[in-house]
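Visitor: I would like to go through this structure piece by piece. Where should we begin?

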Amino acid sequence: MKNNSPVKTPMPHLDPVLRAQTFDEVATGYTPEMAMEEARRCLNCRHQPCVAGCPVNVHIPEFIAAVAAGEFEKAYQIILSTNSLPAVCGRVCPQESQCERVCVRGLKGEPVGIGRLERFVADYHLQHHRQPPKMPVPNGHRVAVIGSGPAGLACAGDLARAGYAVTVFEALHVAGGVLVYGIPEFRLPKDIVRAEVENLQQMGVVFAVNMVVGKVVSVDELLDEEGFDAVFIGTGAGLPRFMDIPGETLKGVYSANEFLTRVNLMKAYKKNASTPIFKGSRVAVVGGGNVAMDAARCAKRLGASHVQIIYRRSEAELPARAEEVEHAKEEGVAFSFLTNPTRIIPGEAGFVGGMECVEMTLGEPDASGRRSPHVREGSEYTIPLDVVIMAIGTSPNPLIKNTTAGLAVERWGGIVAEESSGATSRPGVFAGGDAVTGAATVIAAMGAGKRAAAAIDQYVTQKISLQSKA
Amino acid sequence: MFTIREKIPLNPTVTKMVVDAPRIARKAEPGQFIILRVDDEGERIPLTIADYDREAGTVTIIFQVVGATTEKLNHLQVGDAIADFVGPLGRATEIEGLRKVAVVGGGVGCAIAFPVAKKLAQSGCEVHAIVGFRNKELVILAEDFKAIATRMKLMTDDGSAGEKGLVTHALQALIDSGEQYDMVFAVGPLVMMKFVAALTKSYGIKTVVSMNPVMIDGTGMCGGCRLLVGGKIKFACVDGPDFDAHEVDFADAMARSDMYRPFEQREHREACNLFKEGNIDEK
């Protein structure tokens, strides 16, 4: 029996006031009954627009049909056949601009809650079916994956399933990349990431942590000396940007990366953590993306009494997901739109005392298609602050580019790679994710990792057949 | 496993450890550093690579006990393992084409100055070493410097070893006596590097300092190690740690360096208390 409700089955959430004091996960997830009810909203359209809307082409109507029938493990296996990180994607994918955007149910009312269902299925599997995945038959070839973030994990998963011996090189002491250092616990519990990594380990993927490729070993050495048939570079977005305004080295000014790394990776959110952090009582986060929302919501949870987002365009241009903005507002984060910092003002002893800002107006659309902001002359004003977090993006990390001869990069520093295959200017070297595109989404990086895995399989197969002919 | 092979106290608060790290030993160069975590709950801290042995596969670190992490590290013994040990990070010190260099080391900074001095000497460069300490008790590596330097000045604040005075006095005396240096390489407390930079600027001598700011990942991800160099933000982990001393904003670096001192002192006290109460197994 179809469910004709025009709206999604509501997602249970922790109370905004209570949750703003803890790092517990905000959205608590569907029950089996809620999931089956929501699954019955799917029309199972023949042309399946949702599948095309998904960067990794999850067989959405099939898995939802299995959920509707109460066959949750079957649904999990359907998702897993094209997506190696369902519990992660069900939480952090921007479904509203992908699969759900093109859902036919969305033409009148809300689309099917595809993301919520994916998350339910993945969580149900983690709770009930932790038998080890099938060990693939080894094909005798080795691939090195650099970086264990979403691009690297997706690439490693597909290659392992195809029988490759995969080693993932990670610079930090724990695998997961931005999933562990960047995205906070309340949005993506670290146990989930750990379970996904363990899943890959059980498939034979080796994680070599504390390995900075470009320093301890080069891409050429991986190919020429260490016996890897191909290399995938998924090293992520890189160095944090600053605004180049006075006062950015004052104590209490953080990049979002540093602030989030201290909170998430180094667990500064826990009482008695050994990693120090300035929690601040009046905090400003500069920027309007998901990273800015994460930083603001962390600052609030650490106990700041006043947290505000400073964004130079208007609410309509916010690059963050609507859901993240909504959650931040519910938790008491204030928003100052059409505002831009001009300098950070020192307080006592080299700490932040405040920030001078100007008001902005929006002019004609710029190259990005968004209306470009202009300063309203004479509109300077000062806000008192003790912590400033810069969440205005990143620029590419130079380590691999500088140590890999012949690897072509864009003028802005990103690695040049074919979108369909991840192939770079160097044979056998593939790349994908933020290292190629600049900061984007988890699922976009996973899609790139998957396409590269297919291309690597093709490359190695061709290389072998050429060698056997020669 | 990053097993500790040797542990030698160099003075009451400075320890030398030789650690199994074959991959890092293969690539390490003077001027670079490692980041370590003592245990699974620990902080990541950067420490200089004081030496390396490519054949034995070991890396030597020299550290001063200043906070909780170095306290815990100092309680590890030969045969124990360090949880995480990553490197070699940062850019190696550039020594090409240098004929005569004054290497200035202050306190535990000598642990960075020495491998650079040694590499310079091995490349055929004439090395004058100027090393300074608060007192005789705290002197480290003096014999090592003596072995490779053609001139050596040991300075202490109280005159209990070598000459009484600051490294800048000794450096100025050498310059005034007619020594002409292609470069001065200085590493030590920020205030020392600041005054070395001021001195050599007045003589127009190219000077390089090795900076050691607060750091987390050490690979260019977090931006915590930023410095103002020539008015621009630079990251010590990927752009450094060596910088043109005459471009570094030392006042800014000094303000940033004590950012977490109250946290560090509290954590260090707590770590010490744990050891005192016997709450942690001392092997």
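Visitor: Which helices are among what covers the buried residues of α5(A)?
Guide: This is a predicted model. In α5(A), the buried residues include A:Phe72, A:Tyr76 and A:Ile79. The helices of chain A that help cover the buried residues of α5(A) include α2 (32–39), α4 (60–68), α6, α7 (114–128), α8 (150–161) and α10 (190–202).

Visitor: Is α5(A) largely enclosed or largely open, and how many of its residues are buried?
Guide: A residue is called buried when its relative accessible area is under 20%. Helix α5(A) is largely enclosed by the rest of the structure, because the buried ones among its 9 residues number 7.

Visitor: Is A:Ser81 buried, partly exposed or exposed?
Guide: A:Ser81 sits in the loop that links α5 (72–80) to α6 (86–92) in chain A. Partly exposed covers the range between under 20% and over 50% relative accessible area. The value for A:Ser81 is 46%, so this residue is partly exposed.

Visitor: What separates the C-alpha atoms of A:Ser81 and A:Leu126?
Guide: Along the chain, A:Ser81 and A:Leu126 are 45 residues apart. In space, their C-alpha atoms are separated by 16 Å.

Visitor: Which helix gives the largest share of the largest nonpolar core?
Guide: That core has 81 residues, and those touching the most other members are A:Ile60, A:Phe63, A:Ile64, A:Val67, A:Leu117 and A:Ile456. The largest share of the core is 9 residues, and it comes from residues 442–469 of chain A, helix α17.

Visitor: How many residues are in the second, separate core?
Guide: Its members include B:Val104, B:Ile130, B:Met211 and B:Phe243. The count for this second core is 56 residues.

Visitor: Which residues is A:Ile60 in contact with, leaving aside neighbours within four places in sequence?
Guide: Contact here means heavy atoms within 4.5 Å. With those neighbours left aside, the partners of A:Ile60 are A:Cys50, A:Val51, A:Cys54, A:Cys99 and A:Ile114.

Visitor: What is the radius of gyration of chain A, set against that of a compact globule?
Guide: Chain A has 470 residues, and 59% of them are buried. A compact globule with that number of residues would come out near 23 Å, so chain A agrees with it at 23 Å.

Visitor: How far apart do the centres of the positive and negative side chains lie in chain A?
Guide: Chain A exposes about 18,800 Å², of which carbon and sulfur atoms supply 53%. Its charged side chains are 47 positive and 50 negative, and the centres of the two sets lie apart by 2 Å.

Definitions and conventions: Residues are numbered from 1 along each chain as its sequence is written. Chains are lettered from A and ligands numbered from 1 in the order in which they are written. This is a predicted model: local features need pLDDT of at least 70, side-chain atom pairs count only at pLDDT 80 or more; totals for chains, interfaces and linings use all residues. Side-chain values use heavy atoms; hydrogens and water are left out. The radius of gyration is taken over C-alpha atoms; the globule rule is 2.2 Å times the number of residues to the power 0.38. Buried means under 20% relative accessible area, exposed over 50%, partly exposed in between (1.4 Å probe, protein chains only). Accessible areas come from the Shrake-Rupley method with a 1.4 Å probe; for residues, only the protein chains shown count as cover. Lys and Arg count as positive and Asp and Glu as negative; His and the chain ends are not counted. The place of a charge is taken as NZ of Lys, CZ of Arg, CG of Asp or CD of Glu. A nonpolar core is a set of buried Ala, Val, Leu, Ile, Met, Phe, Trp, Tyr and Cys residues joined through side-chain atoms within 4.5 Å. Helices (H or I, at least four residues) and strands (E, at least two) are DSSP runs, numbered from the N terminus.
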